Amino acid sequence: MKAFVVTSKGAEKICSFELKELIDTKTKEADSVVIFDVKDYLDICKVTYKAQSISRAALLLKEFKVDKNLENSVTNLKLNDLKLEWNFESFTVECERNGEHDFNSVDISGEAIRKIRESTNSKVDFDNPRQAFFIFINQ
């Protein structure tokens, strides 16, 4: 399994060192994000609660090409190849977007919600979701 953490720009090496220290993992650094291997969900929990150089930690479900245009980005967001148990009662989608695009984070979150609703019988719940999805766009 793969996971990722969001960190401050310029702190990626420090974050990688911290991840290696906490869960002894291989890391791949990018701008404001570090991708790493996890053995199980407990690794993500340990990172979430003990890492000091991160602002968010999540299981990496999918990477997709983001275009400047919303329509092209949504086309690239294909969920049918994900191997997930789609039996959650409710969900939400959050998005953090950095860079210049012709859309905002609410636009891409809304499109992801639409795609998930088409694939499941789950309802959207912004206040108390059983499952939360996070989209990080950094380009």
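## Exercises on helix H4 and its surroundings

At 8% relative accessibility, Ser109 counts as buried, and the exercises below, which concern a predicted model, start from this residue.

**Exercise 1.** Explain why Ser109 counts as buried, and find which residues it is in contact with beyond its neighbours within four places in sequence.

*Solution.* The cut-off for a buried residue is a relative accessible area under 20%. Because the value for Ser109 is 8%, this residue falls in the buried class. Ser109 belongs to helix H4, and once the neighbours within four places in sequence are set aside, its contacts are Val93, Glu94 and Cys95.

**Exercise 2.** Compare the expected span of helix H4 with the distance between its end C-alpha atoms.

*Solution.* Helix H4 runs over residues 105-119, which makes 15 residues. The expected span is 1.5 Å times one less than the number of residues, which gives 21 Å for H4, and the end C-alpha atoms are indeed 21 Å apart, so the two values agree. At the N-terminal end, Asn104 acts as a cap, with a side-chain oxygen 3.1 Å from the backbone nitrogen of Val106.

**Exercise 3.** Determine where the buried residues of H4 lie around its axis, and what covers them.

*Solution.* Begin with the buried residues of the helix, which are Ile108, Ser109, Ala112, Ile113, Lys115 and Ile116. They cover an arc of only 165° around the axis, which means that they sit on the same side of H4. This can be set beside a general rule: an α-helix has 3.6 residues a turn, so residues three or four places apart point the same way. The face turned away from the buried side carries Val106 and Glu118, both exposed. The cover over the buried residues includes helix H3 (70-76) together with the strands S5 (90-98), S6 (123-124) and S7 (131-138).

**Exercise 4.** Work out the strand order of the three-stranded open sheet, and state how H4 is placed on it.

*Solution.* The order is S6-S5-S7, and the pairing is parallel. S6 and S7 are the edge strands, each with a single partner strand, so one side of each has no neighbour in the sheet. H4 packs on this sheet, touching S5, S6 and S7, and its direction makes about 150° with that of S5. The parallel pairing of S5 with S6 extends over two bridges, and Ser90 stands opposite Lys123 in S6.

**Exercise 5.** Is Ser73 buried or exposed, and which residues does it touch?

*Solution.* Ser73, placed in helix H3, is buried because its relative accessible area is 0%. A polar atom of its side chain lies 3.1 Å from the backbone oxygen of Asn69. Not counting residues up to four places away in sequence, Ser73 touches Phe64, Lys65, Val66, Asp67, Phe103 and Ile108.

Technical notes. Residues are numbered from 1 along each chain as its sequence is written. This is a predicted model: local features need pLDDT of at least 70, side-chain atom pairs count only at pLDDT 80 or more; totals for chains, interfaces and linings use all residues. Side-chain values use heavy atoms; hydrogens and water are left out. Helices (H or I, at least four residues) and strands (E, at least two) are DSSP runs, numbered from the N terminus. Buried means under 20% relative accessible area, exposed over 50%, partly exposed in between (1.4 Å probe, protein chains only). The arc is that of the directions from the helix axis to the C-beta atoms. Contact means heavy atoms within 4.5 Å. A polar contact is a pair of N or O atoms within 3.5 Å; within protein, one must be able to donate a hydrogen and the other to accept it, and residues adjacent in sequence count only if both atoms are side-chain atoms. Two strands pair if DSSP finds at least two bridges between them. Axes are lines fitted to C-alpha atoms, for helices over the stretch in contact, and angles run from 0 to 180 degrees between N-to-C directions.
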